Amino acid sequence: MYCHACGQGHRYPRLRIGALVEDVIESIVSLDSRIFRTVWGLTVRPGAVVREYLDGRRIVYIHPFKYMLGTVTLAFIVVPWLTELLAVAETGAQADSEVSLVWAKLFNVAALPLQALLLWLLFWRHRLRWVEHFVLVLFAIGHTFLVQTLLNPLALLAGTTGAVVVSLVPIVWLGWTARGTMGSGWISSLARALLAFVVIQLLLSGTVWLIGLERLT
C-alpha cells in the first residue's frame, strides 16, 4: 500500500527492525544503481541522459548539482594524491601552479550559470530554457571533472601532450552532450561549445588579473 499523495509505502503498521534494515538496503541499492546509471550514461551517451532528465525521467539519475558537487570534491581529493603517488617533483613554480589550478576549478564552478546562459544564447533556436541548459552544463562539466581526474596521470606522465589532451575534455564533452540533447551536428555543437568555453576562460582570466591587480594596488 502507498500514500496517494506522496507515494510513501505503508507495508508495516508500526516501525520494526526489519523495516529499518530493509529501508537501508533499498537506499544503498537504489543509490548504487543511480550512480552507475548516471556515470555510465554520461560516459557513453551524455546527451540522452540530459534529454531523459529534461523529459521527466529523473528518479533514475543523480541530481545534476549533486553529481557535479561530488565529482568536483573527488577531483580535489584524488588529484593531489595521484600527484604524490607518481612522485612528481614540486618546485616552487609547480606548487604555485597547483594553487592556481585549484582556484581555476573553483572559478569554473562559479561560472557554470554564466556558461549555461551562453549556451542558451548560442542554441536559442532549439527552444530550451536557461534552466535546462544549466542542467546540461551541470551534467557535462560535472562528468568532465571525473574524466579529467581519471586522465590526470596521463597529464602528469606525458607532459605537455597529456596536458593538452586533458584540457580539451571540457570542450569535447560539452559539445557531445549538447549534440545529443538538441540533435545538432557535430561541427556546430563543438564550435558553440568551444566559443562558450573560450568566452568563460577569457572572463575568468580577466577576473583573476583584476584580483591580482587589486592586491598590487
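This note sets out points on the fold, the core, helix α7 and the ring interactions of a predicted model.

1. Overall architecture. The chain contains 8 helices and 0 strands, and its pattern along the sequence reads α-α-α-α-α-α-α-α. Of the 217 residues, 32% are buried. Among contacts between residues at least 6 apart in sequence, 65% join residues at least 24 apart.

2. Nonpolar core. The largest nonpolar core comprises 36 residues. Within this core, the residues with the most contacts are L112, L119, L136, V137, F139 and L174. Two or more core residues come from each of α2 (46–54), α3 (64–85), α5 (112–122), α6 (130–158), α7 (160–182) and α8 (186–216). Helix α6 gives the largest share, 10 residues. As general background, nonpolar side chains tend to be buried together in soluble globular proteins.

3. Surroundings of F139. Which residues does F139 contact, leaving aside its neighbours within four places in sequence? They are T38, L42, V50, Y53, I62, P64 and Y67. Two of these partners recur in the ring analysis, where ring pairs link Y53, Y67 and F139 into a cluster. The ring of Y53 has a further neighbour: R58 lies over its face, at 5.5 Å from the ring centre.

4. Helix α7. This helix has 23 residues and spans 34 Å from its first C-alpha to its last, close to the 33 Å expected at 1.5 Å a residue. Where does α7 bend? The bend, of about 30°, is at V169, and a proline, P170, follows within four residues. Both V169 and P170 are buried, as are G162, V166, I171, W173, L174, G175, T177, A178, T181 and M182 of this helix. Just after α7, G183 adopts a positive phi of about 70°.

5. T144 against α7. T144 is found in helix α6. Is T144 buried or exposed? With a relative accessible area of 2%, T144 falls under the 20% limit and is therefore buried. Setting aside residues within four places in sequence, T144 is in contact with V169, P170 and W173. The C-alpha atoms of T144 and P170 are 5.6 Å apart, although the two residues are separated by 26 residues along the chain. The contacts of T144 thus include the bend residue V169.

6. Q148 in the same region. Q148 is also found in helix α6. Its relative accessible area is 15%, and Q148 is buried. Not counting residues up to four places away in sequence, Q148 touches K105, V166, S167, V169 and P170. V169 and P170 are contacted by T144 and by Q148.

7. L114 and α8. L114 has its place in helix α5. Is L114 buried or partly exposed? A relative accessible area of 34% lies between the 20% and 50% limits, so L114 is partly exposed. Beyond residues up to four places away in sequence, L114 touches I200 and L203. The C-alpha atoms of L114 and I200 are separated by 7.9 Å, with their positions 86 residues apart along the chain.

8. Stacked aromatic pairs. The whole structure holds 5 aromatic pairs. One of them is F36 with W40, whose ring centres are 6.4 Å apart and whose planes are at 0°, so the pair is stacked. F36 and W40 lie 4 residues apart in helix α1 (residues 17–44), about one helical turn, and both are exposed. The pair W130 and F134 is also stacked, because its planes are at 10°, with ring centres 5.1 Å apart. W130 and F134 are likewise 4 residues apart, in helix α6, and are separated by about one helical turn. An α-helix has 3.6 residues a turn, so residues three or four places apart point the same way. What are the relative accessible areas of W130 and F134? W130, at 34%, is partly exposed, whereas F134, at 18%, is buried.

9. A charge over a ring. The charged end of R192 sits over the ring of F123, 4.6 Å from its centre. This arrangement may be read alongside that of R58, which lies over the face of Y53.

Notes. Residues are numbered from 1 along each chain as its sequence is written. This is a predicted model: local features need pLDDT of at least 70, side-chain atom pairs count only at pLDDT 80 or more; totals for chains, interfaces and linings use all residues. Side-chain values use heavy atoms; hydrogens and water are left out. A nonpolar core is a set of buried Ala, Val, Leu, Ile, Met, Phe, Trp, Tyr and Cys residues joined through side-chain atoms within 4.5 Å. Buried means under 20% relative accessible area, exposed over 50%, partly exposed in between (1.4 Å probe, protein chains only). Contact means heavy atoms within 4.5 Å. The expected span of a helix is 1.5 Å times one less than its number of residues. The bend at a residue is the angle between axes fitted to the seven residues ending there and the seven starting there. Rings of Phe, Tyr and Trp (its six-membered ring) pair if their centres lie within 6.5 Å; planes under 30 degrees apart count as stacked, over 60 as edge-to-face and the rest as tilted. A charge sits over a ring if NZ of Lys or CZ of Arg is within 6 Å of the ring centre and within 35 degrees of the ring normal.
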